Amino acid sequence: AVRKNVMGEIKKGVQYIAHNRLIAFILLFMIAAVLLAMPFQMLMPVFAKDILQIGVEGQGTLMSLSGVGAIAASLVLASIKSRRRGLTLLISNIIMGLGLIVFAFSVSLPLSMIMMVMVGIGRIGGNTVGNALLQTHTDPEYLGRVMSIMMLNFGLSGLGTFFASILAETISAPVAIGGLATALVVLSFGAIFFVPMIRKLE
């Protein structure tokens, strides 16, 4: 039997990430995508009802189109060779961010529908490639702990929604979603130019 201290092992996992800049950067950009982009899902009723005026059925259509984009991105990623995956992660975040910026201020249903496809492409592209990068570049001894921390992303989406909702109440929903998406785009573009470690990652 192997007896280990659970809290001690968790601490080692956190220390591993803190001292491994590559893994820390990958996690950073995956978490940024969740915090800055995913709040749009919870605020979608505002856009469907008050801005686009398409009701519940229209909201369902928009979310379905996001799923269509996600499926398309999954098929493409599964059929191509794994090259420049770090750059793909950053570009996926940019695609999702730009799609959300345009969607946030759009009053045209056809344009909003196209943007939802882009959001789906960017979301699944970043998530899939980020997962692959973590599993490829993490030492096997720490893989389980690193992936567990990555899974915390889903819980962090609620935190992002909390702040986005405050912005939506005090300013407006379009500014809230568009502003957060702009931050994601700027962060990702900055990484392309100033963090070659990620840009050149295979």
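This short talk walks through a predicted model of one protein chain, from its nonpolar cores to a few single residues.

Good morning. I shall begin with the interior. The largest nonpolar core has 28 residues. Those with the most contacts inside this core are Phe40, Phe47, Met96, Leu100, Phe103 and Met116. Which elements give two or more residues to the core? They are helices H2 (21-37), H3 (40-51), H4 (55-79), H5 (85-105), H6 (109-137), H8 (153-170) and H9 (173-194). Of these, H9 gives the most, with six residues.

Let us take one member of the core, Met116, and look at its surroundings. Setting aside residues up to four places away in sequence, Met116 touches Phe40, Met44, Leu62, Leu65, Ser66, Leu100 and Phe103. Please note that Phe40, Leu100 and Phe103 in this list are also among the residues with the most contacts inside the core. Apart from this core lies another, of 23 residues, which includes Leu133, Val146, Met147 and Val195.

I turn now to helix H2. This helix has 17 residues, and the distance from its first C-alpha to its last is 24 Å. That span is close to the 24 Å expected at 1.5 Å a residue. Which residues of H2 are buried? They are Leu22, Ile23, Ile26, Leu27, Phe29, Met30, Ala32, Ala33, Val34, Leu36 and Ala37.

After H2 comes Pro39, placed in the loop between H2 and H3. Is Pro39 buried or exposed? Pro39 counts as buried because its relative accessible area is 0%, and the limit for that word is under 20%. Its contacts, leaving aside neighbours within four places in sequence, are Val34, Gly160, Thr161, Ala164, Ile177 and Leu180. One of these partners, Ala164, stands 125 residues from Pro39 along the chain, yet their C-alpha atoms are separated by 6.4 Å.

The next loop offers a contrast. Gln53 lies between H3 and H4. With a relative accessible area of 64%, Gln53 is exposed. Its phi is near 55°, a positive value in a residue other than glycine. As general background, most residues other than glycine have a negative phi.

Let us move to helix H6, where two residues deserve our attention. Gly122 lies in this helix and is buried, at 0% relative accessible area. Beyond its neighbours up to four places away in sequence, Gly122 touches Ser92, Ile95 and Met96. A second distance is worth setting beside the one for Pro39. Gly122 and Ser172 are 50 residues apart along the chain, and 24 Å separates their C-alpha atoms.

Asn131 also has its place in H6. Why does Asn131 count as buried? The reason is that its relative accessible area is 16%, which is under the 20% limit. Its side chain reaches the backbone oxygen of Asn127 at 2.7 Å. Outside its neighbours within four places in sequence, Asn131 is in contact with Met30, Met147 and Met150.

Asn127 brings us to the largest pocket, whose volume is about 300 Å³. Of the 17 residues that line this pocket, the closest to its centre are Val34, Met38, Arg123, Asn127 and Phe154. H2, H5, H6 and H8 each supply at least two residues of the lining. Which helix gives the most? H6 does, with five residues.

Finally, I would like to consider a pair of residues in contact with each other. Arg85 is in helix H5 and, at 17% relative accessibility, counts as buried. Not counting residues up to four places away in sequence, Arg85 touches Val129, Ala132, Leu133, Thr136, His137, Leu201 and Glu202.

Its partner Leu201 sits in the segment after helix H10 (196-199). Leu201 is buried, with a relative accessible area of 8%. With the same sequence neighbours set aside, Leu201 touches Leu22, Ile26, Arg84, Arg85, Gly86, Leu133 and His137. Where does Leu201 stand with respect to Leu22? The two are 179 residues apart in sequence and 9.1 Å apart in space, C-alpha to C-alpha.

To close, I return to three places. In this predicted model, the largest nonpolar core has 28 residues, the largest pocket has H6 as the element giving most to its lining, and Leu201 touches both Leu22 and Arg85. Thank you for your attention.

Notes
Residues numbered from 1 in each chain as written. Predicted model: local features only at pLDDT ≥ 70, side-chain atom pairs only at ≥ 80, totals over all residues. Heavy atoms only, no water. Core = buried A, V, L, I, M, F, W, Y, C linked by side-chain atoms within 4.5 Å. Buried < 20%, exposed > 50% of the residue type's maximum accessible area, 1.4 Å probe, protein only. Helix = DSSP H or I, 4+ residues; strand = E, 2+ residues; numbered from the N terminus. Contact = heavy atoms within 4.5 Å. Polar contact = N/O pair within 3.5 Å; in protein donor to acceptor, adjacent residues only side chain to side chain. Expected span 1.5 Å × (residues − 1). 1 Å grid on protein atoms, 1.4 Å probe; cavity = no way out; pocket = protein on both sides within 12 Å on 5 of 7 lines; lining within 4 Å. Points joined across faces, edges and corners; volume = space filled by probe spheres on them.
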